[in-house]
Amino acid sequence: MSEKNKILVTGAGGFIGNHLVTSLKEQGFWVRGVDLKYPEFKPTDADEFELLDLRLWENCLTATNGVDEVYALAADMGGMGFISFNHSQILHNNILINVHTLDAAHKNGVKRYFYTSSACVYPEYLQNDAEVTPLREEQAYPAQPQDAYGWEKLITEQLCTHYRKELGIETRIVRFHNIFGPLGTWFGGREKAPAALCRKVAIAKLTGDHEIEIWGDGEQTRSFCYIDDCVAGIQKLMRSNYPEPLNLGQDFLISINQLADLIAGIAGIEIKKKHIPGPQGVRGRNSDNARLRQVLNWEPEISLEKGLTLTYNWIEDQVQSSLKKANSDQEKALFVQNMKSSTYSSRERI
Ligand code: NAD
């Protein structure tokens with residue numbers, strides 16, 4: 001065990017980072033976690049956890065000191081409600097985080113560096129139809145991502161590639177497609193569609209008011225990948241010899257309306273959908289997993305139903321225990337009102 005690599009996970013206070021740390025610890029690695037905050041829903045399993053702002057070069061040098069490998073997950077990000085309205089902040093913060101973390105890793109002699117990119121890099125012009133053709137890795141160019149978030153991911157993919165070719169640090173690049181699961185943000189404006197819908201369905205079930213809000217007509221489509229598959233795929237790619245960007249997601253396409261119905265079925269209720277204006281992102285997006293299968297001889301295997309059941313049960317518990325903490329009927333009513341809607345356009349600068 002002692003000869004195993006020492007690992008840094010950035011963004012270890014976040015959803016995927018916290019799960020990744022647990023998995024790496026289970027395999028006997030020594031792990032340092034770094035983030036602006038501690039994990040919110042389960043204490044970290046890391047050997048060491050440092051609160052550091054990775055936009056700052058000196059902090060990146062501290063974070064990457066003495067480790068063999070880095071999994072770079074730190075990012076200022078969220079669901080459509082956040083990334084559609086905070087372009088300047090996202091581009092600014094994430095460029096600083098990624099340029100400084102990669103360069104500090106190189107300076108400190110890190111051997112392998114894992115970068116978490118996104119399906120948001122794919123061009124908008126390929127995603128105008130709900131019946132979208134699954135996206136292959138090479139289709140990221142000619143580039144036209146929808147948001148600043150996607151542009152930053154593309155730039156950092158390029159940065160990793162050039163650091164690998166010119167400076168010799170081994171880099172691996174993954175493009176996640178909508179990862180979901182327990183222990184992820186489920187309220188407050190940064191949550192993503194599966195968590196937001198689980199929360200709204202849970203509130204509907206607990207209050208008996210079965211009307212739930214959906215942004216847009218709900219016919220926009222996506223694929224969703226459960227967190228355990230994501231964490232497994234990350235480590236398979238890190239250990240592989242494949243240095244080009246690789247999709248990591250499910251290739252089962254589903255509309256937001258269908259996703260809401262699936263969650264309601266898991267909760268055992270029928271829902272009435274109220275379609276309201278709100279950010280929707282591209283019309284359709286799916287992952288082409290041909291290269292993933294070829295490179296890793298593997299692909300995500302946990303069904304959407306199973307993953308959603310685990311996620312819904314966790315979120316229902318969260319909602320229920322938050323509801324119990326309300327001290328008065330007035331506080332309870334306010335909580336229910338807040339949980340029924342998702343916020344967007346708020347500018348919450350960090
Ligand atoms: P998350 O928001 O839960 O975690 C990101 C973490 O980064 C947060 O805990 C945040 O506090 C931390 N962070 C932000 N700014 C920081 C700073 N200046 N210094 C240090 N830490 C900072 O997000 P996640 O879902 O766990 O995503 C992890 C990575 O995967 C991110 O890079 C994200 O862009 C990428 N990704 C995620 C998805 C998804 O579906 N969850 C999809 C595509 C790409």
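Accessible areas here come from the Shrake-Rupley method with a 1.4 Å probe. With that in hand, let's start from the outside: the chain exposes about 14,900 Å², and carbon and sulfur atoms supply 51% of it. Keep in mind that what you're looking at is a predicted model.

Now for the overall build. The chain's secondary structure comes to 11 helices and 13 strands. Its radius of gyration is 20 Å, close to the 20 Å that the globule rule gives for 350 residues, so the chain is as compact as a globular protein of that length. If you drew a box around the C-alpha atoms along the principal axes, it would be roughly 60 × 45 × 35 Å.

What about the inside? Of the 350 residues in the chain, 56% are buried. Take the contacts between residues at least 6 apart in sequence, and you'll find that 78% of them join residues at least 24 apart. As for charge, there are 38 positive and 45 negative side chains, and the centres of these two sets lie 1 Å apart.

Let's pick out one helix, α6, which covers residues 193–207. At 1.5 Å a residue, its 15 residues should span 21 Å, and the end C-alpha atoms are indeed 21 Å apart, so the two figures agree. Is this helix enclosed or out in the open? Of its 15 residues, 11 are buried, so α6 is largely enclosed by the rest of the structure. The buried ones run through P194, A195, A196, L197, C198, R199, K200, V201, A202, I203 and A204. That list includes charged residues, R199 and K200, along with others such as L197 and V201.

And what does the covering? Among the elements lying over those buried residues are the strands β7 (179–180) and β8 (211–215), together with the helices α8 (256–267), α10 (304–325) and α11 (329–340). Just past the end of α6, G208 takes a positive phi of about 85°.

For a last stop, head to M238, which sits in helix α7 (residues 227–239). Buried means under 20% relative accessible area. M238 has a relative accessibility of 0%, so it counts as buried. Which residues does M238 touch, leaving aside its neighbours within four places in sequence? They are E69, V70, Y71, R112, Y113, F114 and R172. There's also V174: it is 64 residues away from M238 in sequence, yet the two C-alpha atoms are 9.3 Å apart in space.

How values were computed: Residues are numbered from 1 along each chain as its sequence is written. This is a predicted model: local features need pLDDT of at least 70, side-chain atom pairs count only at pLDDT 80 or more; totals for chains, interfaces and linings use all residues. Side-chain values use heavy atoms; hydrogens and water are left out. Helices (H or I, at least four residues) and strands (E, at least two) are DSSP runs, numbered from the N terminus. The radius of gyration is taken over C-alpha atoms; the globule rule is 2.2 Å times the number of residues to the power 0.38. Buried means under 20% relative accessible area, exposed over 50%, partly exposed in between (1.4 Å probe, protein chains only). Contact means heavy atoms within 4.5 Å. Lys and Arg count as positive and Asp and Glu as negative; His and the chain ends are not counted. The place of a charge is taken as NZ of Lys, CZ of Arg, CG of Asp or CD of Glu. The expected span of a helix is 1.5 Å times one less than its number of residues.
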